[in-house]
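The following note sets out points for a colleague who is reading this model at the bench. The points begin with one helix and move outward from there.

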Amino acid sequence: MALAHSMQAARQPIAADAQHHPLSGGATADAMISVEQVGKRFGARGGAEAFSALDDVSMQIRSREFVSILGPSGCGKSTLLRMVAGLVPCDTGRILVDQTPIKAPVPEIGVVFQTSNLLPWLTVEANIRLGAKLRNLPRAQIAARLPGLLETLGLTQFADRYPHELSGGMRQRAAIGQILLLEPKVMLMDEPFGALDALTRDRLNVELLRIWQHSTLTVLLVTHSIHEAVFLSDRVLVMSERPGKVLHDVTIDLPRPREPGEIKSNPRYGEYVTELSKMMGVF
Amino acid sequence: MKRLIEALLFWTAVALIWEFGVRWSGTREYVLPALSQVFKAGWEMRGQLLADTLTTAWEVLTGFALALLGGLAIGLLVSMSGIARRTVLPLVTALQSMPKIALAPLLIVWFGYGFASKLAAAVLFAFFPIVIATIGGLAGVPRNLEEHFRALGAQPWHTFWHLRLPAALPSLIDGLKIAMPLAVIGAIVGEFIGSEAGLGHLIVFATSNAQTSLSFAAILMVTVLAMLFYGAVDLISRSVWWRGVSV
């Protein structure tokens with residue numbers, strides 16, 4: 001253990017170097033998520049031809065970093081996220097999370113999907129508890145954390161309601177709550193606010209940022225909203241059309257904590273949005 | 001209250017039309033008895049009628065329960081195993097395609113005149129809809145929820161208990177609603193073919209002795225019994241309220 005620690009310390013300069021060249025590949029000791037030359041092909045089925053979804057994708061994400069993946073529809077960004085989650089196997093390359101190769105879902109990772117995936121027959125509170133129950137976390141531990149979590153998410157008054165009685169934004173909060181209760185090291189989010197209206201989306205972005213700020217979470221978010229990516233992230237990775245590759249790695253150098261009014265009137269915010277829009281081929 | 005009055009008026013009208021239609025047309029009792037004659041015959045034979053009703057009720061209940069257990073088990077097996085889907089399911093379908101009434105005499109040969117052959121007939125009639133409803137319900141579990149459970153690292157048993165079973169319940173309940181009246185038909189058919197007790201036996205006995213009023217009393221009892229059992233299933237089905245609710 002002591003040896004591992006000293007090795008990590010010795011590698012510090014290299015890791016710092018990799019931070020500036022995230023596309024250089026190769027594992028770094030302090031990477032929480034390390035995607036190494038990953039490829040994915042989907043075989044021919046029925047009339048559909050075989051195609052390559054991801055081609056030689058590499059990325060390093062440090063602990064407590066907030067990184068967004070931005071890309072056009074069908075570029076394989078959701079597939080990549082599912083591969084990091086251990087839901088879809090890699091054809092080539094490998095993925096390490098917290099130094100462990102991912103072959104199946106692990107407790108260190110929590111996934112928030114675009115659909116809230118709440119069970120209609122359970123109350124909001126029971127839904128939030130569900131993940132912890134499935135992972136056999138101690139009841140006392142859940143009971144101790146739950147009230148504070150409900151408070152943070154603004155769901156205290158809705159704990160006994162059923163999901164269909166809630167707005168889409170509330171449901172998505174509950175979905176995030178279910179994952180936060182598990183206290184994962186990594187939270188993967190697949191367009192979690194994609195189905196929400198713009199106002200609710202902005203509000204949830206602010207809340208997500210606040211929650212992340214007060215936690216030790218590493219977040220990897222898939223989105224196709226440039227504004228969302230810039231507002232939330234430390235870094236934005238821009239992916240190409242199919243087969244997906246990482247084309248650009250843009251560090252978002254905006255001060256934290258970020259307040260929406262402050263950040264969005266910051267001229268650099270506009271510059272990042274313009275730059276990323278160009279990279280995405282918007283103009 | 002208004003609905004109660006509507007129902008009461010309707011059924012009173014039906015009863016009156018039956019009673020006076022028969023009386024005024026001068027139809028003979030052994031062809032079609034008036035309602036009052038049916039009640040009279042039923043009351044005179046109330047001990048017999050009650051005993052036969054209990055016999056049939058017990059056959060239906062146990063038959064339904066067995067069909068539920070067997071149907072669930074086969075439905076689960078077929079849902080989980082490709083081999084079972086290619087072997088057991090065609091067998092069950094073939095069994096279903098056979099006219100089950102044609103099997104009834106064989107059941108008497110195999111299981112005798114008593115309770116066992118009626119139980120077998122009720123099971124045979126009731127279990128197929130339960131198999132189909134179980135398979136359909138389990139196949140309809142939303143893919144996104146299955147994936148979510150996988151991401152949460154849920155054990156297969158947990159996924160079944162917390163996701164698949166509750167998601168399949170609305171469909172399963174529909175199957176039970178179809179199966180319950182079929183269990184009644186199965187028990188009665190079994191009693192028709194060969195028996196010493198039960199409402200089916202009473203119907204055959206009364207009809208062959210030209211006691212048409214008593215036969216009608218027994219038929220009414222079968223109807224009441226079937227409706228009570230169906231009502232019970234319907235009552236249970238109301239606790240499965242999440243049918244069609246998507247979030």
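**Notes on the model**

1. Within helix α3 of chain A, the buried residues are A:Lys77, A:Ser78, A:Thr79, A:Leu80, A:Leu81, A:Arg82, A:Met83 and A:Val84. The list includes the charged residues A:Lys77 and A:Arg82 as well as nonpolar ones such as A:Leu80 and A:Leu81. Because eight of the eight residues of α3(A) are buried, this helix is largely enclosed by the rest of the structure. Just after α3(A), A:Gly86 adopts a positive phi of about 80°.

2. These remarks concern a predicted model, and they should be read with its confidence values in mind. For the complex, the predictor reports an ipTM of 0.86 and a pTM of 0.82. Chain B has a mean pLDDT of 93, with 100% of its residues at 70 or more. In chain A the average pLDDT is 86, and 90% of the residues score at least 70. Residues 1-26 of chain A have a pLDDT below 50, and this stretch makes 21 contacts in the model beyond near neighbours in sequence.

3. Chain A contains an open sheet of six strands in the order β6-β7-β8-β3-β9-β10, with mixed pairing. Its edge strands, each paired on one side only, are β6 (109-112) and β10 (246-251) of chain A. On average, neighbouring strands of this sheet are turned by 15° against each other, direction ignored. Helix α3 (residues 77-84) of chain A packs on the sheet and touches β3 (66-70), β7, β8 and β9 (235-239) of chain A. The direction of α3(A) makes about 155° with that of β8(A).

4. Which strands of the sheet pair in the parallel sense over five bridges? They are β7 (residues 186-190) and β8 (residues 218-223) of chain A. Within this part of the sheet, A:Met189 has A:Leu221 of β8(A) as its bridge partner. The pairing of β3(A) with β9(A) is also parallel, and it extends over four bridges. Here A:Ser68 has A:Val236 of β9(A) as its bridge partner.

5. Strand β9(A) merits a separate comment. Because five of the five residues of β9(A) are buried, the strand is largely enclosed by the rest of the structure. Both of its sides contribute: A:Arg235, A:Leu237 and A:Met239 point one way, while A:Val236 and A:Val238 point the other way, and all are buried. β9(A) is joined by five bridges to β10(A), and these two strands run antiparallel. In that pairing A:Arg235 stands opposite A:Thr251 of β10(A). The connection between β9(A) and β10(A) is a hairpin of six residues.

6. The domain assignment divides chain A into domain 1 (28-108 + 185-283) and domain 2 (118-183). Taken over C-alpha atoms, the centres of the two domains are separated by 25 Å. Nine residues of domain 1 are in contact with seven residues of domain 2. On the domain 1 side, helix α7 (residues 198-213) of chain A supplies the largest share, with three residues. By class, this side of domain 1 has eight nonpolar residues, one polar residue and no charged residues.

7. Between the chains, 19 residues of chain A are in contact with 16 residues of chain B. Helix α4 (residues 124-134) of chain A gives the most to the chain A side, with three residues. That side of chain A comprises 12 nonpolar, five polar and two charged residues.

8. In chain B, attention may be given to one glycine. B:Gly198 lies in the loop between α8 (156-193) and α9 (199-208) of chain B. Is B:Gly198 buried or exposed? B:Gly198 counts as buried because there are 28 C-beta neighbours inside 10 Å, and 20 or more are needed for that class. Leaving aside residues up to four places away in sequence, B:Gly198 touches B:Asp52, B:Thr55, B:Thr56, B:Glu59, B:Lys118 and B:Glu191. B:Pro105 is 93 residues away from B:Gly198 in sequence, and the two are 17 Å apart in space, C-alpha to C-alpha.

Technical notes
Residues are numbered from 1 along each chain as its sequence is written. Chains are lettered from A and ligands numbered from 1 in the order in which they are written. This is a predicted model: local features need pLDDT of at least 70, side-chain atom pairs count only at pLDDT 80 or more; totals for chains, interfaces and linings use all residues. Two residues are in contact if their C-beta atoms, placed from the backbone, lie within 7 Å. Two strands pair if DSSP finds at least two bridges between them. Axes are lines fitted to C-alpha atoms, for helices over the stretch in contact, and angles run from 0 to 180 degrees between N-to-C directions. Domain bounds come from an automatic or database domain assignment. A residue is buried if 20 or more other C-beta atoms lie within 10 Å of its own, exposed if 12 or fewer, and partly exposed in between; C-beta atoms are placed from the backbone. pLDDT is the predictor's confidence in each residue, from 0 to 100.
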